[in-house]
Each structure stands twice: as structure tokens, then as C-alpha cells.
Amino acid sequence: MARRRRHEEHENHERWLVSYADFITLLFAFFVVMYSISSINEGKYKILSETLTGVFSQPERSIKPIPVGDERPRTTEPDNSMVDEASTEQIAASTLQNIADSIRDAFGGLLQSDQLKVRGNELWIEIELSSGLLFPSGDALPNDMAFEIIEKIAKILAPYGNPVHVEGFTDNQPIRTAQFPTNWELSAARAASIVRMLAMDGVDPSRMAAVGYGEFQPVADNATAEGRARNRRVVLVVSRNLDVRRSVSGTGSANAQPDAALLRAGTQPATPPVVQAPATGAVNFPSPAQ
């Protein structure tokens with residue numbers, strides 16, 4: 001039996017084309033991906049460009065904060081309200097100081113004898129007079145010396161517009177007369193007499209008030225004759241404005257203190273003087289005596 005001849009397989013010499021085709025396909029896909037990544041979206045690029053241009057060319061559009069309330073223009077000038085308030089404070093303080101200086105100059109002898117005292121603070125000054133200088137014992141009729149003293153004080157106070165609060169005080173010795181049943185009436189009558197004399201000598205009556213405290217606000221011990229003499233007094237309180245005067249009226253000058261509420265209320269100065277009263281130098285006011 002004849003042997004069958006084995007059929008030889010045909011050798012494929014073009015197999016490399018498959019790998020080559022795969023390689024070209026992958027390479028094409030690679031370049032497509034790279035191109036899509038590197039391509040520029042003109043619309044987005046234009047928006048980004050305009051945004052950056054606006055930021056650098058118009059800084060207020062992105063840097064300026066959102067205004068809340070009314071916006072005031074920037075200025076290097078000081079606030080006029082603050083300047084005005086400071087100037088009125090200085091005017092009011094200098095007015096009280098000028099009055100105190102003038103009283104000291106006019107009554108140097110009485111100051112040395114301790115029959116007249118001047119003290120004060122930034123809101124008011126006190127002119128304290130011994131009742132023995134002004135009135136006979138147990139009476140509210142002024143003596144001759146009182147007219148001379150009050151006339152000098154009135155000339156100093158008349159040019160100014162500060163309120164004047166006149167206080168009358170007595171010792172604790174009882175008085176029982178038809179005219180003055182108690183020390184209340186005597187102290188009030190003495191204060192009213194001084195107010196009338198000041199008005200007669202040119203001080204505006206609308207600026208003044210009179211009050212009597214009787215024996216109930218002593219500044220010394222009534223057990224001694226010297227203490228009783230100190231308690232018999234008339235005090236003229238020249239205030240910075242009406243608010244201060246009313247506050248002092250409620251407590252008396254011996255007890256009033258320049259607290260924070262009074263300092264805030266004391267920003268309204270009294271009327272400037274028509275004719276400047278004479279003054280000599282600066283004075284440091286001590287605190288009111290208790």
C-alpha cells in the first residue's frame with residue numbers, strides 16, 4: 001500500500017501586518033487623545049481673559065468691600081463736631097477760671113482772713129461768704145458791707161451768661177420769730193436777698209435761683225462757736241450750664257460731686273461774655289469741700 005504524502009502547510013509571510021496595524025491604531029488613538037487635551041476652548045479662554053483683565057485694570061470691582069449704611073468720603077480734615085465740642089469745652093472751662101481769678105483779685109483781703117473762699121472744679125465754682133459779712137445776727141436785711149461786696153461780685157458775673165445759684169445756710173441754733181419761724185425761712189430769705197442785690201447790680205435775673213438749706217448741711221461742728229460761724233454762710237455757685245445748676249440744687253454744693261453724668265451733661269457751655277472780665281494767670285481748681 002502506498003504511503004500518503006504529507007501536505008506541507010503554507011507559511012504566512014504577512015503576519016507582521018497585524019501587529020503593525022494594531023500599533024498604528026494605538027498610535028492614532030494616542031495622538032487623538034493628546035490633541036483633544038491640548039486643544040483650547042476659545043469661549044472659555046475669552047471669558048478667563050476678560051476676568052483677569054477686569055481684576056487688574058479695575059481693582060475696586062473686586063477689592064472694595066460692600067458698603068453698609070451711609071459711606072463718608074475719606075478726608076484728612078478732623079471731624080468738625082469733635083473740634084467744636086473740644087472748643088466749647090475749653091471756652092466753658094476758661095470762663096469759670098476767669099471768674100474765679102477775678103474774684104480772687106478783687107477780694108484778696110477777705111480771702112486771707114478766711115471770710116471769703118473760692119473753690120471749684122470743671123463744672124462749677126463756689127464763692128462762699130460768711131453770713132457775718134452780709135447780715136446782722138438773725139436777720140436777712142443786708143448791711144452796708146454787703147452792698148459793697150455784692151456790687152463787686154455782680155460786676156464780675158454780669159458780662160457772663162453762666163447760671164448763678166445762691167445757697168443760704170445757718171447753724172443749728174433755733175430761731176422762732178414772727179418773720180423767721182425756723183432756720184429754713186432765714187436761710188432762704190438771705191439767699192433771696194443776695195439774688196435781688198445781684199439783679200439790681202446788673203446780673204440777668206433769668207440766670208439766678210435762690211435756695212435755703214437751713215441748718216441741715218453743715219460744714220463744721222455746731223458744738224463750737226467757731227463751727228457755728230462757719231456753718232452760717234451764703235454760697236454763690238456759678239455753674240457751667242443749667243443741667244449742672246439743677247444737679248447742684250438737688251444736693252447742695254457741699255455734697256455735689258462732678259460725677260460722670262454731670263461731665264457728660266456739661267458739654268453745653270454758658271453764653272460767652274460780652275466784655276471779658278480781667279484775669280491773671282491760670283488757676284488749678286481744687287475739689288469742692290465737703
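A helix here is a DSSP run of at least four residues, numbered from the N terminus. Helix α1, residues 16-38, fits that description, and Leu17 is found in it. Keep in mind that this is a predicted model.

Start at Leu17. Its relative accessible area is 36%. Buried means under 20% and exposed means over 50%, so Leu17 counts as partly exposed. Leu17 also belongs to a nonpolar patch on the surface. The other members are Trp16, Tyr20, Phe23, Ile24, Leu27, Phe30, Phe31 and Met34. Together the patch residues have about 930 Å² of accessible area.

Stay with the patch for a moment and look at its rings. A pair of aromatic rings is described by the distance of the centres and the angle of the planes. A search of the whole structure finds three aromatic pairs. One of them is formed by Phe30 and Phe31, and it is edge-to-face. Their centres are 5.6 Å apart, with 70° between the planes. Phe30 has a relative accessible area of 47%, so it is partly exposed.

Another pair has another geometry. Phe169 and Tyr213 are stacked, at 5.2 Å centre to centre and 10° between the planes. This pair links distant parts of the chain. Phe169 is in strand β3 (residues 164-169), Tyr213 is in strand β4 (residues 208-214), and they are 44 residues apart. Are these two residues buried or exposed? Phe169 has 1% relative accessibility, so it counts as buried. Tyr213 has 9%, so it counts as buried too.

Phe169 has a further neighbour. Arg233 lies over the face of the Phe169 ring, at 3.7 Å from the ring centre. Arg233 is also the bridge partner of Phe169 in strand β5. That leads us to the strands.

Take β5 itself, residues 233-239. Seven of its seven residues are buried. In a regular strand the side chains alternate between the two faces of the sheet. In β5, Arg233, Val235, Val237 and Ser239 lie on one side. Val234, Leu236 and Val238 lie on the other. Both faces are covered.

Which strands pair with β5? Strand β3 runs antiparallel to β5, and six bridges join them. Strand β2 also runs antiparallel to β5, with seven bridges between them. Within that pairing, Ile127 stands opposite Leu236 in β5.

Now follow β2 to its other partner. Strand β1 (residues 116-120) and strand β2 (residues 124-130) pair in the antiparallel sense over five bridges. A hairpin of three residues joins β1 to β2. Lys117 stands opposite Glu128 in β2. Four of the five residues of β1 are buried, so this strand is largely enclosed by the rest of the structure.

Charged side chains come next. Side chains of opposite charge can pair when their charged atoms come close. How many salt bridges does a search of the whole structure find? The search finds five. Glu126 forms one with Arg119, the closest N and O atoms being 3.0 Å apart. Arg119 also meets Glu128 in a salt bridge, at 2.5 Å from N to O. Arg119, Glu126 and Glu128 are thus linked in a network of salt bridges. Glu126 and Arg119 are buried, and Glu128 is buried as well.

Lys117 has a salt bridge with Asp114, at 4.0 Å from N to O. The relative accessibility of Lys117 is 21%, so it counts as partly exposed.

Asp114 deserves a second look. It is found in the loop between α5 (108-112) and β1. Most residues other than glycine have a negative phi. Phi of Asp114, however, is near 65°, a positive value.

One more loop completes the tour. Gly161 lies between α7 (144-157) and β3. Its relative accessibility is 22%, so Gly161 counts as partly exposed. The C-alpha atoms of Gly161 and Val238 are separated by 9.8 Å, although these residues are 77 residues apart along the chain. Val238 takes us back to β5, where it is buried.

Note on methods. Residues are numbered from 1 along each chain as its sequence is written. This is a predicted model: local features need pLDDT of at least 70, side-chain atom pairs count only at pLDDT 80 or more; totals for chains, interfaces and linings use all residues. Side-chain values use heavy atoms; hydrogens and water are left out. Buried means under 20% relative accessible area, exposed over 50%, partly exposed in between (1.4 Å probe, protein chains only). Helices (H or I, at least four residues) and strands (E, at least two) are DSSP runs, numbered from the N terminus. Two strands pair if DSSP finds at least two bridges between them. Rings of Phe, Tyr and Trp (its six-membered ring) pair if their centres lie within 6.5 Å; planes under 30 degrees apart count as stacked, over 60 as edge-to-face and the rest as tilted. A charge sits over a ring if NZ of Lys or CZ of Arg is within 6 Å of the ring centre and within 35 degrees of the ring normal. Patches are made of residues with over 30% relative accessible area and no salt bridge: like charges are joined within 9 Å, nonpolar side chains (Val, Leu, Ile, Met, Phe, Trp, Tyr) within 5 Å. Accessible areas come from the Shrake-Rupley method with a 1.4 Å probe; for residues, only the protein chains shown count as cover. A salt bridge is a side-chain nitrogen of Lys or Arg within 4 Å of a carboxyl oxygen of Asp or Glu.
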